[in-house]
Amino acid sequence: MRFLDYKIFRIYYDPYLFFSIFFLSTLGLFFLYSASQGDLSIFLKQSAFVVIGLGLMILVSQPDPQVYFSYANGAFFVTIALIIIAIFFGPTINGANRWIDLGVTTIQPSEFCKIFLPVFLSAYLVQKSLPINFKSTLIPVLIIFACFMLVSLQPDLGTATLILLSGLFILFLAGLNWKFIGISFGVFILSLPFLWNNFLAPFQKQRIATLLNPESDPFGSGWNIAQSKIAIGSGGFFGKGFGEGTQANLYFLPESETDFIFAVIGEEFGLLGISILMLTYFFIFFRCIYLAITARDRFCRLVIGSLSLVFISTFVINVGMVIGILPVVGMPLPFISQGGSSIISFYIAFGIIVSMASHKKLIPR
Amino acid sequence: MSKLNQTYVEVRSFTERIILASIIFFVVGIVIFAQVFSLQVLNFDSYESAALNNKTETLAIQPLRGIIYDRNNNILVNNIPSFDLIIVPSRVENLDLLLQHISSFINLEDLKIEDFRLQFNEAKKFNRELTLKRNITEEEKIKFAVRNHLFEAVFVEQRYLRNSLYPELFSHALGYVGNPSEEKLTSLKTQLNSLNNIEQTYTSGLIEGKIGAENIYDTFLSGEFGTKQREVDARGRTLSEEIVSTPKMGSDLYTSLDLASHQAAFSAMQGRRGAIVAVDIQTGSIVTLFSSPTFSSNKLSNGISQDEFKILIESPDKPFFDRAMRGRYPPASAIKPAIAIYGLDNRLIDWKFSIEDPGFFVLPEDGRIYRDWKEGGHGKTNLFKAITQSSNTYFFELAYRSDIKSLKNYFKDFGLGKKACLDCFNEDSVFVPEPEWKIKEHNFGWFKGDTVNLGVGQGYLIATPVQLAKYAYILANKGVHKDLSLTFNSTKDSKELELRNLSQDDWSKIHESMVNVIEGNTGTARRLKNLKTFTVAAKTGTAELVSLESKEDYEETRLDSNLRDHAVIIAFGPIPNPRYAVSVVVENGESGGSVAGPIAIDVLEALIK
């Protein structure tokens with residue numbers, strides 16, 4: 001779709017996505033301003049990220065998808081290298097090595113892995129004919145698992161889960177046969193006890209136990225969820241109003257600017273605010289599904305499809321955690337939670353989506 | 001063609017799968033919305049109040065405790081306002097640093113750091129507050145006020161110290177106060193149903209009576225709690241405070257206790273182990289209730305160091321033991337008037353009946369010898385002489401003729417084996433010995449010799465000082481009596497002994513013989529004759545702790561002061577219209593007449609004056 005159609009200069013963009021993302025970003029700044037209790041520095045920093053992100057999104061929309069196809073490997077391997085650098089050389093914050101310090105700001109390379117891994121896998125898989133044979137399935141599975149392990153080591157279970165999902169979405173969309181999906185799922189279920197015993201840290205087990213029985217430990221790990229449910233529930237239909245949330249303002253709500261910002265929105269803007277928010281997310285999601293189905297070729301389909309699924313799963317996991325139906329993992333609310341890498345990575349993802357949706361094939365292959 | 005077909009298959013597969021995925025996420029979206037709807041609409045009320053409860057805490061305000069008076073309206077216990085420096089241990093991260101900081105401007109030299117650390121950990125565990133220093137000076141108050149903002153976990157608040165004006169005199173009778181028990185807090189929670197944070201209520205200086213009248217009359221003295229509401233943040237910092245209902249001061253307690261007699265009792269006892277109980281005969285109210293040695297009730301109410309407490313608790317004299325209510329002593333010869341009344345009422349003897357007293361009694365069944373205290377005996381002895389001179393042989397003989405099943409009922413009528421007082425704290429009712437009791441306790445049958453021993457108040461017969469006082473009161477008032485109490489309780493029923501054959505004349509003669517214990521030239525307490533300004537009736541007792549064959553054996557035994565006889569006396573006066581009855585026990589005091597006697601006289605003097 002063309003916005004300006006000159007002979008030499010043409011801007012590729014999607015008006016539905018652009019305006020809905022712009023709306024969501026603005027809403028996000030508004031919420032963040034309230035959640036940060038008028039801390040202007042948080043607001044200004046996030047505003048800068050939004051402005052840069054929107055610009056970056058438009059910029060990333062311009063190249064032909066063929067460019068992403070060509071650079072898919074390069075982008076992916078650079079991301080992996082950065083993750084490794086972060087683990088070994090990055091600053092340790094709260095016991096985790098997720099960041100690289102750039103002086104002005106820090107970046108979290110794992111956030112970008114959830115975008116470049118699907119692009120990389122799409123580029124790999126489009127060259128294979130259907131149905132995908134065993135070898136072509138095994139290689140992506142190993143790569144996905146390696147990425148997952150790498151990010152888990154940081155440790156960052158939230159992002160690692162998302163990376164795992166992003167890879168699985170690609171395999172699913174690329175036409176992985178149902179039998180394989182069924183068997184893998186069966187194996188996964190059977191290995192759950194093993195994973196529980198050998199893979200999860202005690203605090204992670206506690207979080208799952210808390211989810212199943214939140215009242216068991218109301219002042220320990222259940223505290224966050226209990227407080228977040230109180231925040232949302234006490235918002236009622238219209239909410240308590242901008243900056244009026246007592247749960248957030250009196251520090252009952254944890255992480256109110258990052259992972260738990262949805263609870264602040266629920267408290268201050270009620271069911272009405274949450275409905276508008278959810279409608280916007282799902283509007284963006286369904287717009288992307290439409291774009292994926294109508295995309296020009298298989299590579300574009302796979303990339304758009306998987307990135308939009310990554311987007312909606314981030315939303316669903318974050319909200320599911322905040323409202324107490326999923327265990328607590330570190331997961332931002334896309335375009336709203338404070339945090340540069342998360343928001344920038346989604347702008348880039350949507351830039352790629354728009355590029356792939358708006359560049360129509362000129363010459364049939 | 002095959003490539004076109006391949007593309008067609010691929011597009012179809014992709015479309016199917018992405019639509020399937022969209023449907024799944026759409027359904028998940030609906031689940032999320034349903035949960036949010038459930039939180040915000042269906043359960044709005046409970047979450048709204050939860051959010052409100054989060055930020056507000058309701059605290060109980062302790063009402064001022066009622067004042068305790070003696071019978072002449074002298075204040076015995078009141079409250080002193082005190083500005084206390086209080087810390088909230090659960091909010092303290094580094095205790096040493098905090099103490100160092102505070103001690104730079106408030107004198108903490110008196111703080112026993114080891115004790116405090118223990119209390120600190122305890123308080124932290126239960127999220128209770130802890131008083132760091134009581135009664136800080138005006139200067140310290142100001143110094144703290146200017147630094148207030150530096151301390152998140154420390155504050156100064158006006159509290160009240162429970163203050164006994166005579167901390168040593170009434171420590172057992174009135175008791176002391178302390179932090180409320182869990183049960184108290186639970187009942188308080190029911191009383192104040194808006195109270196949602198019970199740990200916090202403890203922290204507002206709530207107190208409860210622990211022993212004595214402070215405990216028995218706790219509800220009466222406590223008054224009604226007020227409430228205040230605080231808006232707090234998640235870290236527990238107070239943002240605002242508002243009084244919801246003002247507390248209602250507790251009622252004042254007017255006791256029947258008499259200050260002067262306690263002072264007399266205290267100085268007469270001189271810290272020896274024992275107890276004194278005196279009763280106002282007209283009302284059956286207790287006027288003197290003193291257990292010795294004693295301790296400072298103020299220290300127990302308002303804080304005592306572990307060291308001081310350890311000294312008290314480990315003292316061989318056991319100052320915390322309430323001897324007046326729980327001390328078990330053989331009444332010894334003091335029981336003889338009761339035996340005499342049993343004998344007269346059952347017509348086993350009369351005033352003319354006499355025996356030849358050789359100084360011992362031989363039990364006909366097995367030839368066992370029961371010795372009198374006087375070698376050679378009292379000669380020809382009738383009842384009057386037997387009481388005055390405390391002839392054991394006479395009462396052995398009388399007890400030998402008694403039926404234990406009937407005798408035990410007389411003991412009960414005279415107040416043994418049951419609680420004497422309606423509103424005393426933790427009274428021991430003890431028991432009356434009888435054959436069934438002996439089988440149960442000792443798995444042994446009752447011997448005639450057991451009954452003979454009861455005749456001189458030894459053997460299995462045991463009573464507490466308060467029971468002895470009630471017994472003295474019943475004797476003094478010729479059988480008419482009420483239950484004892486610590487207040488002038490007008491609702492008590494008057495009771496009378498059910499005696500078949502005892503006449504007023506018999507009562508008068510009993511009184512006369514007891515007067516003669518002091519006034520007579522051969523009375524066992526004749527030494528008291530010149531100590532008093534009015535006529536007193538008395539009966540002494542010397543309670544043997546070990547059963548011995550002869551005087552010589554006793555001389556050996558008394559080398560161990562803990563095995564020396566207990567001195568007992570019951571007395572009432574002034575005669576002919578007695579107003580007060582008193583019982584005195586001095587542990588290992590040896591002589592009822594010369595050791596317990598003067599104490600009883602001092603107390604009666606103080607009461608009658």
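Me: Which residue just after α9(A) takes a positive phi?
Reply: G236(A), in this predicted model. Its phi is about 65°.

Me: And what follows α6(A)?
Reply: G175(A) comes just after α6(A), with a positive phi of about 105°.

Me: How many residues of α9(A) are buried?
Reply: 13 of its 14 residues, so α9(A) is mostly covered. The end C-alpha atoms of α9(A) are 20 Å apart. That agrees with the 20 Å that 14 residues should span at 1.5 Å a residue.

Me: What about α6(A), buried or exposed?
Reply: Buried, for 17 of its 18 residues. So α6(A) is largely enclosed by the rest of the structure. From first C-alpha to last, α6(A) reaches 26 Å, close to the 26 Å expected at 1.5 Å a residue.

Me: Switching to the interface. How many residues does each chain put into the contact?
Reply: Chain A gives 39 residues and chain B gives 32 residues.

Me: Which elements of chain A give two or more residues to that side?
Reply: α6 (157-174), α9 (222-235), α10 (246-249), α11 (261-293) and α12 (298-322). α11(A) gives the most, with eleven residues.

Me: How does the chain A side divide by residue type?
Reply: The split is 24 nonpolar, twelve polar and three charged.

Me: What ipTM and pTM does the predictor give the complex?
Reply: The ipTM is 0.92 and the pTM is 0.66.

Me: And the mean pLDDT of chain A?
Reply: It is 86, with 93% of the residues of chain A at 70 or more. Among the elements of chain A, α11(A) has the highest mean pLDDT, 95. Strand β1 (residues 2-5) of chain A has the lowest, 51.

Me: What does chain B average?
Reply: Chain B averages a pLDDT of 88, and 94% of its residues score at least 70. Over residues 197-203 of chain B the pLDDT is below 50. Beyond near neighbours in sequence, that stretch has 21 contacts in the model.

Me: How many helices and strands in each chain?
Reply: Chain A has 13 helices and four strands. Chain B has 23 helices and 21 strands.

Me: What share of each chain is buried?
Reply: For chain A, 49% of its 365 residues. For chain B, 42% of its 609 residues.

Me: What about contacts far apart in sequence?
Reply: Take contacts between residues at least 6 apart in sequence. In chain A, 70% of those join residues at least 24 apart. In chain B, 75% do.

Me: Which residues have the most contacts inside the largest nonpolar core?
Reply: A472(B) and V582(B), in a core of 119 residues. That core draws at least three residues from each of domain 2 (57-254) and domain 3 (260-608) of chain B.

Me: What does A472(B) touch, leaving out residues up to four places away in sequence?
Reply: I570(B), A571(B), F572(B), A581(B), V582(B) and S583(B).

Me: Which residues does the second core include?
Reply: I265(A), I274(A), A292(A) and F14(B) are among its 114 residues. This second core is separate.

Me: Where are the cis peptide bonds at P293(B) and P574(B)?
Reply: One joins S292(B) and P293(B), with omega about 0°. P293(B) is in the loop between β12 (285-292) and α11 (297-302) of chain B. Another runs from G573(B) to P574(B), with omega near -5°. P574(B) is in the loop between β20 (566-573) and β21 (580-586) of chain B.

Me: Why flag those?
Reply: Because most peptide bonds are trans.

Me: What is the phi of S390(B) and of N443(B)?
Reply: Near 55° for S390(B), a positive value in a residue other than glycine. N443(B) is not a glycine either, and its positive phi is about 55°.

Me: Why does S390(B) count as buried?
Reply: Because S390(B) has 29 C-beta neighbours inside 10 Å. S390(B) is in the loop between α15 (383-388) and α16 (392-400) of chain B.

Me: And N443(B), buried or exposed?
Reply: Exposed, because N443(B) has 7 C-beta neighbours inside 10 Å. N443(B) is in the loop between α18 (435-442) and α19 (448-454) of chain B.

Me: Last one. Where does T540(B) lie?
Reply: In strand β19 (residues 537-543) of chain B. T540(B) counts as buried, with 29 C-beta neighbours inside 10 Å. The residues T540(B) touches include S390(B), V517(B) and G597(B).

Technical notes:
Residues numbered from 1 in each chain as written. Chains lettered and ligands numbered in written order. Predicted model: local features only at pLDDT ≥ 70, side-chain atom pairs only at ≥ 80, totals over all residues. Contact = placed C-beta atoms within 7 Å. Nonpolar A, V, L, I, M, F, W, Y, C, P; charged D, E, K, R; others polar. Core = buried A, V, L, I, M, F, W, Y, C linked by C-beta atoms within 7 Å. Buried ≥ 20, exposed ≤ 12 C-beta atoms within 10 Å, placed from the backbone. Domains from an automatic or database assignment. pLDDT = per-residue confidence, 0-100. Expected span 1.5 Å × (residues − 1).
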